[in-house]
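Colleague: I have a new model open and some quick questions. Please keep the answers short.

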Amino acid sequence: MRKALIIGISGQDGPYLANLLLHKGYEVHGTSRDSELSSFYGLKKLNIFHKVKLHSMSLIDFRSAMQTVLQIKPDEIYNLAGQTSVGLSFLHPVETLESISVGTLNILEILRFHKLDTKFYNASSSECFGDTNGEPANENTPFKPRSPYAVAKSAAYWQVSNYREAYNLFACSGILFNHESVLRPKRFVTRKIINSVCKIANREMESLHLGNLNISRDWGWAPEYVNAMHLILQQDKPEDFVIATGKKTSLKEFVKKAFEYFDLDFNNY
């Protein structure tokens, strides 16, 4: 039985990835900073909470990370941890950099130092590309990060690339565009819109306040994206991949569709 370690399993992607791996016959381990205090809402929502072995681990504490990895000795590690909000990264730039960049470096160092034959997946982000002037991005598009979050993700990406080349590690980055689901926290714009529209339809709110409605995003479906994560580690050689739908949708269209579900005209709200 193959063993997988999902670092940061309490976020949106962790539960979907755990569910996928369990169905494939893996023994699944997951970490959060305090496994006794974390709600693990996603794992419970998918009815797999008792099927995952949970551990308390601080990714930015090298000893904590090392003890956990050496105890489990996983065949695959998926690093989904770190501060995930672009907006919040401007308020907490140091925490963002440490949780993403230093945390990734700690895992790479553990694999290198202990010569572990473990495949490593790093969750990178399309935010690394910055403004592409409307042009689609691919694996050869240069990074132009425009937020502390994007800077941290870019640093982690290059760390993975460096360790793969210098130490022959099977280490890969998935550069994922936006992907959503019912497990997405309410502070993200997609859930903010949906929750607000539901409240407006139930007459619990009168209006929805948003910024620029003309921005466009490539929105995908999170359960499909975790499948891509797994596939990346099943390749014959380690490579980095952009994961996206290839279709962009404006925020205005997203809002319009949400209101149309209740036969409402978004212009009135």
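**Cysteines, helices and loops**

Colleague: Which cysteine sulfur is closest to the sulfur of cysteine 172?
Modeller: That of cysteine 128, at 16 Å. This distance is too far for a bond. Keep in mind that this is a predicted model.

Colleague: Remind me, what is a disulfide?
Modeller: A covalent bond between the sulfur atoms of two cysteines.

Colleague: And how many disulfides turn up in the whole structure?
Modeller: Zero. The cut-off for a disulfide is sulfur atoms within 2.5 Å. Looking from the other side, cysteine 128 has its closest cysteine sulfur in cysteine 172, and 16 Å is too far for a bond.

Colleague: Is cysteine 128 buried or exposed?
Modeller: Buried, with a relative accessible area of 0%. Cysteine 172 is buried as well, also at 0%.

Colleague: New topic: helices. How are two packed helices described?
Modeller: By the angle between their axes and the distance between the axes.

Colleague: OK, at what angle do helix 1 and helix 8 pack?
Modeller: About 60 degrees, with the axes 9 Å apart. Helix 1 covers residues 13-23, and helix 8 covers residues 222-232.

Colleague: Why is that pair called oblique?
Modeller: Angles from 65 to 115 degrees count as roughly perpendicular, and those under 35 as roughly parallel. About 60 degrees fits neither range, so helix 1 and helix 8 are oblique to each other.

Colleague: Is their crossing left-handed or right-handed?
Modeller: The crossing of helix 1 and helix 8 is right-handed.

Colleague: Which residues meet there?
Modeller: Helix 1 brings Asp13, Tyr16, Leu17, Leu20 and Leu21. Helix 8 brings Ala222, Pro223, Val226, Asn227, Met229 and His230. Of the residues in this contact, eight are nonpolar, two polar and one charged.

Colleague: What about helix 3 and helix 5, how do they cross?
Modeller: At roughly 50 degrees, and their axes come within 10 Å. Helix 3 and helix 5 are therefore oblique to each other. Their crossing is right-handed.

Colleague: Which residues make the contact?
Modeller: Phe62, Ala65, Met66 and Val69 come from helix 3. Asn106, Ile107, Glu109 and Ile110 come from helix 5. Six residues of this contact are nonpolar, one is polar and one is charged.

Colleague: Now loops. What is the phi of lysine 73?
Modeller: Positive, about 50 degrees, although lysine 73 is not a glycine. Lysine 73 sits in the loop between helix 3 (62-72) and strand 4 (76-79). Its relative accessible area is 55%, so lysine 73 is exposed.

Colleague: And what is the phi of asparagine 168?
Modeller: Also positive, about 60 degrees, and asparagine 168 is not a glycine. Asparagine 168 lies in the loop between helix 6 (148-167) and strand 6 (171-176). With a relative accessible area of 71%, asparagine 168 is exposed.

Colleague: Where is methionine 205?
Modeller: In the loop between helix 7 (189-201) and strand 8 (216-217). Methionine 205 is partly exposed, at 28% relative accessible area.

Colleague: What does methionine 205 contact, leaving aside neighbours within four places in sequence?
Modeller: Ser196, Lys199 and Ile200. The C-alpha atoms of methionine 205 and tyrosine 269 are separated by 9.6 Å, and these two are 64 residues apart along the chain.

Colleague: Last one: where is tyrosine 41?
Modeller: In helix 2, residues 41-45. Tyrosine 41 is partly exposed, with a relative accessible area of 46%. Tyrosine 41 and asparagine 227 are 186 residues apart in sequence, and 21 Å apart in space, C-alpha to C-alpha.

Note on methods. Residues numbered from 1 in each chain as written. Predicted model: local features only at pLDDT ≥ 70, side-chain atom pairs only at ≥ 80, totals over all residues. Heavy atoms only, no water. Buried < 20%, exposed > 50% of the residue type's maximum accessible area, 1.4 Å probe, protein only. Axes fitted to C-alpha atoms, helices over the stretch in contact; angles between N-to-C directions. Helix = DSSP H or I, 4+ residues; strand = E, 2+ residues; numbered from the N terminus. Parallel < 35°, antiparallel > 145°, perpendicular 65-115°, else oblique. Left-handed = near helix turned anticlockwise from the far one by under 90°. Contact = heavy atoms within 4.5 Å. Nonpolar A, V, L, I, M, F, W, Y, C, P; charged D, E, K, R; others polar.
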